[in-house]
Amino acid sequence: MSGTAHEHCDLLIVGAGPAGMAAAVAAAPSGASIVVIDDNPAPGGQIWRDGPGAALPPAARKWRDALARHANIRVRSGTRIVAVPAANELLLEDAERATRMQWKKLILCTGARELLLPFPGWTLPGVTGAGGLQALIKAGMPVEGERIVIAGSGPLLLAAAATARAAGAKVLRIAEQASFASVAGFGTSLLRWPGKAAQAVTLADPQYRTSSRVVSVQGATQVESVRLRQGDGEVEIACDRVACGFGLTPNTQLGQLLGCTLTPAGFGVQALAVDARQATNVPGIYAAGECTGFGGSERALAQGTIAGYAAVGNEPAAKAHEGERARWNAFAARLHRSFALAPDLRQMPQPDTLVCRCEDVPLSSLSDCSGWTDAKLHRRCGMGACQGRVCGDAAQFLFGWTPPVPRPPLSPVRIATLAGLAGHEEARQ
């Protein structure tokens, strides 16, 4: 076990996005020792990601300040989860060391990742996810003067366009796959959530088109143009960058590894199942935020607050926030209905389109596979660096396959960390 530290806490929170921050702040008055871990350099999650090109909103600063005010909350940024070596224990790794963290209660706020679907040209340099574009710009990537086309589905497209424009990019088109009727209905429904309605007004964009999707991206060594289907016709737009995202997929890998059950969460994806107190089926483990289904930062804050109170036994305080959570759950349900992915998106990839870009596996190699295990064993699909996180989500949408079951290590890890884990296991035998 040389080189591996041992630590313990009353409450461990995985994820420092809105849900994790709210959970920690709610639990702090109890006096419990709280540790919040996150793989980003600073609290905020993806929605409040900091960086040279980021302008943090007031809400993000408010919650950061709230974390800092409590001496019993310790935030460990730049920290990844590697494995679950024993009951009530996680193996962590940061830039300097490995840590075996023991906990009494655990709240999973592991967020979500973008759903990326394959289409001809999606592996060209200059093609990213819509959220990926936002993250790159916030991290300092220069886009001033670049011609950008954003496509896919959901409000994230408009947010990505606003971020790109603020950084000096020229957004030529925002292609939303949902129909005009669906988007208009969603816009009308926002009267129930005035804050969202006001936000929608600020994000309105004259280049926004409904019933539009990517056909292909062209370029020799990088993006040069994109072909879009607009209704019954097609249009080609010369551009320098394409950002394409089709919603979000909850990050459930750690929860599954811990034995937590899943539940359908819209868009054909699975999320961690929780009860009225945000508790999973595993005693002592709670979940909040977009790992339980995506629906925005407000929903994540409400869920995180309830989970934090419930984890320290403050039932009255947890119950007091049920109405707020119900309000934002209704928003999430409306969001899922309005931006449900159209079946014809399955026709985007051609036979030679790569589905697994890590191992260069084209669609034609997967068409006769019986499921994920068959594709992995005989076509090496999912055997690359992303370990099926990208192609597994795509295969679920394209073929209806069950995503791969998570196995440790959950993230790339130093050999010394694994060696320490192996040594510990041998000592136990």
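Two helix axes count as roughly parallel when the angle between them is under 35 degrees. That cut-off can be applied to a pair of helices in this structure, which is a predicted model.

Helix α3, covering residues 130-138, packs with helix α4, covering residues 156-166, at an angle of about 30 degrees, and their axes lie 9 Å apart. The two helices, α3 and α4, are therefore roughly parallel to each other, and the crossing in which α3 passes α4 is left-handed. On the α3 side, the residues that take part are Ala 130, Gly 131, Leu 133, Gln 134 and Ile 137, and they meet Leu 156, Leu 157, Ala 159, Ala 160, Thr 163 and Ala 164 of α4. Sorted by class, this contact of α3 with α4 has 8 nonpolar and 3 polar residues, with no charged residues.

The backbone also deserves attention in some loops. In the loop between α13 (391-399) and α14 (415-428) one finds Pro 409, which is joined to Pro 408 by a cis peptide bond with an omega of about 0 degrees.

Which residues have a positive phi although they are not glycines? Ser 211 is one of them, with a phi of about 50 degrees, and Arg 380 is another, with a phi of about 65 degrees. The table sets out where each residue is placed, together with its phi and its relative accessible area.

| Residue | Phi | Loop | Relative accessible area |
|---|---|---|---|
| Ser 211 | about 50 degrees | between β11 (208-209) and β12 (212-218) | 34%, partly exposed |
| Arg 380 | about 65 degrees | between α12 (372-379) and α13 | 41%, partly exposed |

Methods
Residues are numbered from 1 along each chain as its sequence is written. This is a predicted model: local features need pLDDT of at least 70, side-chain atom pairs count only at pLDDT 80 or more; totals for chains, interfaces and linings use all residues. Side-chain values use heavy atoms; hydrogens and water are left out. Axes are lines fitted to C-alpha atoms, for helices over the stretch in contact, and angles run from 0 to 180 degrees between N-to-C directions. Helices (H or I, at least four residues) and strands (E, at least two) are DSSP runs, numbered from the N terminus. Angles under 35 degrees count as roughly parallel, over 145 as roughly antiparallel, 65 to 115 as roughly perpendicular and the rest as oblique. A crossing is left-handed if the near helix is turned anticlockwise from the far one by less than a right angle, and right-handed if clockwise. Contact means heavy atoms within 4.5 Å. Ala, Val, Leu, Ile, Met, Phe, Trp, Tyr, Cys and Pro count as nonpolar, Asp, Glu, Lys and Arg as charged, and the others, Gly among them, as polar. Buried means under 20% relative accessible area, exposed over 50%, partly exposed in between (1.4 Å probe, protein chains only).
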